[in-house]
Structure formats: C-alpha cells, structure tokens
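Visitor: I am new to reading protein structures, and I would like a close look at one part of this one. Could you take me through it slowly, and then show how the parts around it are arranged?

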Amino acid sequence: GRGRFSFFSNEMNAVAQERLALEAALREALKHEQLTLHYQPQINMKTGHIYGVEALARWYHHEFGEVSPARFIPLAEECGLIGELGHWALREACRQLGSWRKRGINVPMISVNLSPTNFHNLNLPQMVMNALQENALSPQDLTLEITEDVLLDTNPSTLKTLLQIHENGSRLAMDDFGSGYSSLNYLRKLPVSELKLDKSFVEDIEHDETCRALSYAALCIGESLQLTVIAEGVEKTAQHYILKEQGYHAAQGYLFSKPLPPSVFEQWLAEHKSEAFL
Ligand code: C2E
Ligand code: MG
Ligand code: MG
C-alpha cells in the first residue's frame, strides 16, 4: 500500500532475488551469444537412417550451472527476451546446418523450436528467409516446431506469420501433440506438415493398452491429413518396435541418441553411417 510494496516473506524475497539475477544473466548470455544448441537425431522408421535433427537450446552459467530450457525459456518469455532467443536459435541452427553441408556432412534437415510469442512478429518469415539464404539453404531444409499454445494465443499476427512461412516453403511441426488443451481445431486452421506425438504417450506404450490405442489414433489423424508423424521420447527397443509396427514415420529419443553438442553429433553420425536402426 501507499505506493510501496514488499515481499511476503524472506523466502519469497530470496526467490525473487534469484529470479532477477537469473534474468540479468540470461540477458548477458544472449548478448554475448553464450547459449548453445545441441542436436538430437530423428530416425526414419523405414530406412533406419537419419531423417533430420532437432536443435535444442542449452545454457551453462558459471554460477548457476546448467540451467534447463524448462526454466530459461519461460523466463525469457516473462522478461521479453524470447524474440531475441528465437531469432538467435534460428540463425545458429541455420549456420550449423550450412557449415555441415559445406563440409560434406549430410544432415537432411533441421528443426528449430519457437515460442508462440515468436509468431507475433510479422518480420519472422523474412528472418527465416535471411537465415536460410545466408547459409545457402533452401526453405525445405528447415522445420519450425510450434506448440498447441499458439492457438490459445489471440494475437492477430500469428496466423498470418504461420501462413507466410508455410507459403515460403518451410515446414511447421506441431510439437507435444496430444498434451495440450486446444483440441484438434488447429489442424483445420494451421498449415502444419508434421505431428510430434508427446513423449508421455510413448513412456507407457509397452504396458498400457490405452497409450497404444492413443498413439495409434494420433498416427491415423496425421496420416489421414497427409502429415508426417514422429514419436518423441523413445528410450527402449520395445517402444521403437511398437511405434514402427503402428506405422510411425520417424522417431526420436535416447534410444538413438541424446541431444549432443555439434562435434559429438558429428561423431555419432560417422559411427552410424552404415548401421541402420531397424
Ligand atoms: P521439446 O521440443 O518437446 O523437446 C524434447 C525434449 O525431450 C528435450 O528436452 C529433449 O532433450 C527431451 N528428450 C529427447 N529424447 C528423450 C527421451 O528419450 N526421453 C526423455 N525423457 N526425454 C527426451 P529439453 O532439451 O530439456 O527441452 C525441453 C523443452 O524446452 C523442449 O521440448 C522445447 O519445448 C523447449 N526448448 C528447447 N530449446 C528451445 C528453443 O531454442 N526455443 C524454444 N522456444 N523452446 C525450446
Ligand atoms: Mg521440439
Ligand atoms: Mg516435444
């Protein structure tokens, strides 16, 4: 009251202090390009070879240690840094793919995660084109992963931006499919080319008949709309087999590889060149 505020308790004060410190650190990290991207391969179920890679942001801070994206992505949202973070991830992923291609390392395509707020920006389609062109890539080399939240968001620019990106030839993937609240309405409205089944369905697929039925239902929805359907969070051979048998087009998970720093990912690629995951 009276134009002043104070925190409720010392504990809350400490939490707020830490958050402020983390926010300042994230601002610095973005400014000095201290975030990195790790790459997780996606496997084509038919051939057993690489289908693409997903770029996942990583942040190591000398004081806070490894900060999880589950923490710093929402933080970036809250403190207005998500636009910058999205732009950085896009440029960095394209730079990396361009560099692999130049060195004759065959990576078929790259997926980048973006937050709903990134699609408010009407310049995003142009930013995407620039990042591709600067690295001699074509639009088909890039997939942008979005979550169901994009439709909970009522910003009028979102749909326009998504349609423009699709028109320019890049693909949109619906990430964490089945875990949100926005029903199937977005499949009518958004130009999505790929569905990524949420890993919660894969986790229990071996033992839970309902999970198996739901993952199959998700595949049928995708197939009937001519979408590529990918399963996430595949950790066990048994899960891989079930999903393959159901007809999943691609899979991603620790069974094949964890997300890796670029140089380690290159080694992984070299080691698995002739060996297929079947
Ligand atoms: P996501 O896009 O759904 O990414 C998949 C997450 O599952 C990643 O977590 C990945 O490391 C993890 N994962 C992969 N395989 C397995 C597995 O076999 N088992 C299990 N249990 N987990 C697996 P990560 O890297 O911690 O990222 C978490 C989320 O943070 C991502 O979920 C994505 O939504 C977000 N994120 C990451 N990087 C970015 C980014 O650059 N921009 C934005 N906006 N969001 C990002
Ligand atoms: Mg993703
Ligand atoms: Mg996901």
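Guide: Glu232 and Lys196 are both buried in this predicted model, and the two residues form a salt bridge in which the closest N and O atoms are 3.7 Å apart. This pair links distant parts of the chain, since Glu232 sits in the loop between strand 8 and helix 9 while Lys196 belongs to strand 7 (residues 194-197), 36 residues apart.

Glu232 also takes part in binding a metal. The protein donors of the magnesium ion (ligand 3) are Asp175 (OD), Asp176 (OD) and Glu232 (OE), and they lie 2.0 to 2.4 Å from the ion. Along the chain, the donors of this magnesium ion (ligand 3) follow the spacing D-D-x55-E. Here again distant parts of the chain are linked, with Asp175 in strand 6 (residues 171-177) and Glu232 in the loop between strand 8 (228-231) and helix 9 (237-246), 57 residues apart. Asp175 is buried, as is Glu232. A second ion belongs in the picture as well, for the magnesium ion (ligand 2) is 4.3 Å from the magnesium ion (ligand 3), and Asp175 coordinates both.

From here one can turn to helix 8 (residues 209-224), whose 16 residues reach 22 Å from the first C-alpha to the last, close to the 22 Å expected at 1.5 Å a residue. The buried residues of helix 8 are Cys211, Ser215, Ala218, Leu219 and Gly222. Because these residues cover an arc of only 100° around the axis, they are on the same side of helix 8. They pack against strand 6, strand 7, helix 7 (199-203), strand 8 and helix 9, and among these elements are strand 6, which holds Asp175, and strand 7, which holds Lys196. On the other side of helix 8, Glu209 and Ser224 are exposed.

The two ends of helix 8 also deserve a look. Asp208 caps the N-terminal end, with a side-chain oxygen 2.8 Å from the backbone nitrogen of Thr210, and just after the helix Gln226 takes a positive phi of about 55°.

The bridge between Glu232 and Lys196 can now be set beside others, for the structure holds 14 salt bridges. In one of them, the side chains of Glu23 and Arg27 meet at 3.1 Å, N to O. Because Glu23 and Arg27 are four residues apart in helix 1 (residues 10-31), about one helical turn separates them. Glu23 counts as buried because its relative accessibility is 16%, under the 20% limit, whereas Arg27, at 39%, counts as partly exposed. These two residues are linked with Arg19 and Glu78 in a network of salt bridges.

Another salt bridge joins the side chains of Arg91 and Glu33, at 3.9 Å, N to O. Arg91 lies in helix 3 (residues 82-102) and Glu33 in the loop between helix 1 and strand 1 (36-44), so this pair ties together parts that are 58 residues apart in sequence. Arg91 is partly exposed, with a relative accessible area of 34%, and Glu33, at 46% relative accessibility, likewise counts as partly exposed.

Definitions and conventions: Residues numbered from 1 in each chain as written. Chains lettered and ligands numbered in written order. Predicted model: local features only at pLDDT ≥ 70, side-chain atom pairs only at ≥ 80, totals over all residues. Heavy atoms only, no water. Donors = N, O, S within 2.8 Å, 3.2 Å for Na, K, Ca; no water. Buried < 20%, exposed > 50% of the residue type's maximum accessible area, 1.4 Å probe, protein only. Salt bridge = Lys/Arg side-chain N within 4 Å of Asp/Glu carboxyl O. Expected span 1.5 Å × (residues − 1). Arc of directions from axis to C-beta. Contact = heavy atoms within 4.5 Å. Polar contact = N/O pair within 3.5 Å; in protein donor to acceptor, adjacent residues only side chain to side chain.
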